[in-house]
Each structure stands twice: as structure tokens, then as C-alpha cells.
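Please look over the sequence and the model shown here before reading on.

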Amino acid sequence: MTRDHMTLDQFLQDLDRDIRAKGDWGEVADYIPELGRIDPAQFGMAIALADGQVLTAGQAGHRFSIQSVSKVFALACVLGRIGEQLWRRVGREPSGDRFDSILLLEQEKGRPRNPFINAGALVVTDELLTGRSPRQALAEILAFVRAAAEDDDIHIDKAVARSEARTGHRNTALVHYLRSFGNLKAPPDHVLGTYIHQCAIEMNCVQLARAGRVIAGLDCAPALLSPVKQRRINAMMMTCGQYDGSGNFAFRVGMPAKSGVGGGLLVIAPGKASIAIWSPGLDGWGNSRMGTLAAERLAEFTGWSVFG
Ligand SMILES: NC(=O)CC[C@H](N)C(=O)O
């Protein structure tokens, strides 16, 4: 370890202790019963650096459901496949509404605001299903994530997928609504099933931080995404990655990030680091409460910010 790594490592150990002492964990996502059973008082973090080192704190090896963090990897796959054509079907603006809102979909005639709210992510998954079965589409996302992390030990938690399938009435409504506007090509149940399984990918912080290296464009990252695609994905993460909490997150942290209701958070310091944080208690926006605080503290300590 270099001197800089040692200082950052010490910061991480102190942060882990502070977060646990604070004990202000938030609420777990109980609308997916399998996630509702998780103890919110948990925290893990991993930072993958440009030289290939990974620094960790707390429960960095504990696997969790990445949920909406998977939308970043699905978007990367689709941009690789059809590029700019995606934007005919999905917008690039923050929605200012909850992640599972249906409100704007009627007003805007079935074209979701962005690829990270559920409606937009369902269209991205539909695009992945063009010419593929649900099994093949899932295999493609998993292959991308495994290649990005350079780790084949990444899988789908079937119990979480089954749990969401039983209670996912809002997403069921969204796929049918999209279909009624002609913005869904595959059968609605195929899109829903694929999306739910993609969200149920399980990773630990080390694996997620390593996978995020391709979005951060780190020197050590496998060459899976062009620099232009990296920039585009980072721009979406910055403006839409935390849903209606994106402005607050940009203000407090100043780095592109994507959250999931499993409590995962992938934060990107372009060219410098890919950071994965997990703490399953959520704030009112459905983003990890302690994860956001940890990202804010890291940004203060390192000065990493896309705003200079
Ligand atoms: N914000 C999230 O992580 C939501 C993902 C979850 N699978 C859902 O569709 O509701």
C-alpha cells in the first residue's frame, strides 16, 4: 500500500465506526417481502482505485440485492447494442417523481423520462429482449457484470425475484401502460420477469466496486465501454441516479451515482475510483440513508467531485 492508500484506508475504518455509532439507519424496503426481512443496521464499503487496489470497510464482502443499480449495467448493454437509437423510446431528463411513479407516463404518452426510473428501465429491458429470450437477455447482463468485475461468482437471488414477482403490482401496471402506448415490443410478462430477475442480481461491495470500474474509466478496467458511453452513463447517473433525490445527492456528494432499494449505492469518481456502498436502511426517496452519508463524507475527505 502507498502512503495515500494507507490514509484512505484509515479514513474508511473511522467512517465505518462513525456510521455504526450513529445508528440512524432508515427503513428497509418492505414492499419486496424478502428485502423487508433484512436487518437495516449493516454497512459495507469498497473503493476500487485506478491502480487496481481495492480498499474496504465493514461488511464489504456481504452479498446484497443490487436492485436498481442493475439499471446502469442494463443501460450499458443496450447502448452497446443499439446506441443512440434508445433515446427514441426513453428520455434523458430527471423525473422529479418517485422511482415507481406512473404519473408522467400518461402525460408524456408512454415515453418514460429517463432510463433509471422503473418505467424507463422496463423499456431498456424490453430493448434487451429484442431477438432474445428472457433467459438470453439475463445471461447478457450477467455476462457484462461478470466481465466488468472480472469475477464469475455473481448470480441472481431467485428468492428475491420470486418475492418481487408476487408483490410487483406497480411494475405490472407500468409494463401494461407502456404496451398500451406502443412502447413495449416483447410480451409484458417477459419484460417484467426479466427486469425482476435483473434487479435480483446479488453482489458484494468489492464485486460492485470492481464492476463500476468500466463506468469510471479506470486504467485497470476491462475495455467494455467507449469513453463516450462512459460519459453518457455518468451524466444519467448524476441527473437521474437517485430519482427525486438526485439534486440533493449532487449537492451533498457531487459525483454520479446509482442507488437501489436493496441499500446498494455505486458512486463514480471518473478516472479516479469506483465506490460501492451498502447499507439497507433507506431514506424517504428510497436511497440508502447511511450510504448517502458515507458518500458525502468520502467526497469531503478526498475532494473527489465532478464540480472541481
Ligand atoms: N429503486 C429500486 O431499486 C427499485 C427496484 C425494484 N426492483 C422495483 O422495481 O421496484
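The questions below take up a helix pair, a sheet and the ligand shell.

This is a predicted model, in which local features need pLDDT of at least 70 and side-chain atom pairs count only at pLDDT 80 or more, while totals for chains, interfaces and linings use all residues. Residues are numbered from 1 along each chain as its sequence is written.

Q: At roughly what angle do the axes of helix H3 and helix H6 cross?
A: Helices here are DSSP runs of H or I of at least four residues, and strands are E runs of at least two, numbered from the N terminus. Axes are lines fitted to C-alpha atoms, for helices over the stretch in contact, with angles from 0 to 180 degrees between N-to-C directions. The axes of H3 (residues 70–82) and H6 (residues 134–149) come within 10 Å, and they cross at roughly 100 degrees.

Q: Which strands stand at the edges of the open five-stranded sheet?
A: Strands pair if DSSP finds at least two bridges between them, and this antiparallel sheet has the order S2-S1-S8-S7-S6. Two strands have a single partner each, so one side of each is left without a neighbour in the sheet: these are S2 (54–58) and S6 (257–259).

Q: Which residue of S7 is the bridge partner of Ala257?
A: S6 and S7 (residues 264–269) run antiparallel and are joined by three bridges. In S7, the partner of Ala257 is Val267.

Q: From which domains does the shell around the ligand draw at least three residues each?
A: Residues surrounding the ligand (C-beta atom, placed from the backbone, within 6 Å of it) include Gln67, Phe99, Asp100 and Gly286. With bounds from an automatic or database domain assignment, the shell draws at least three residues from each of domain 1 (3–67 + 202–221 + 233–302) and domain 2 (68–199).
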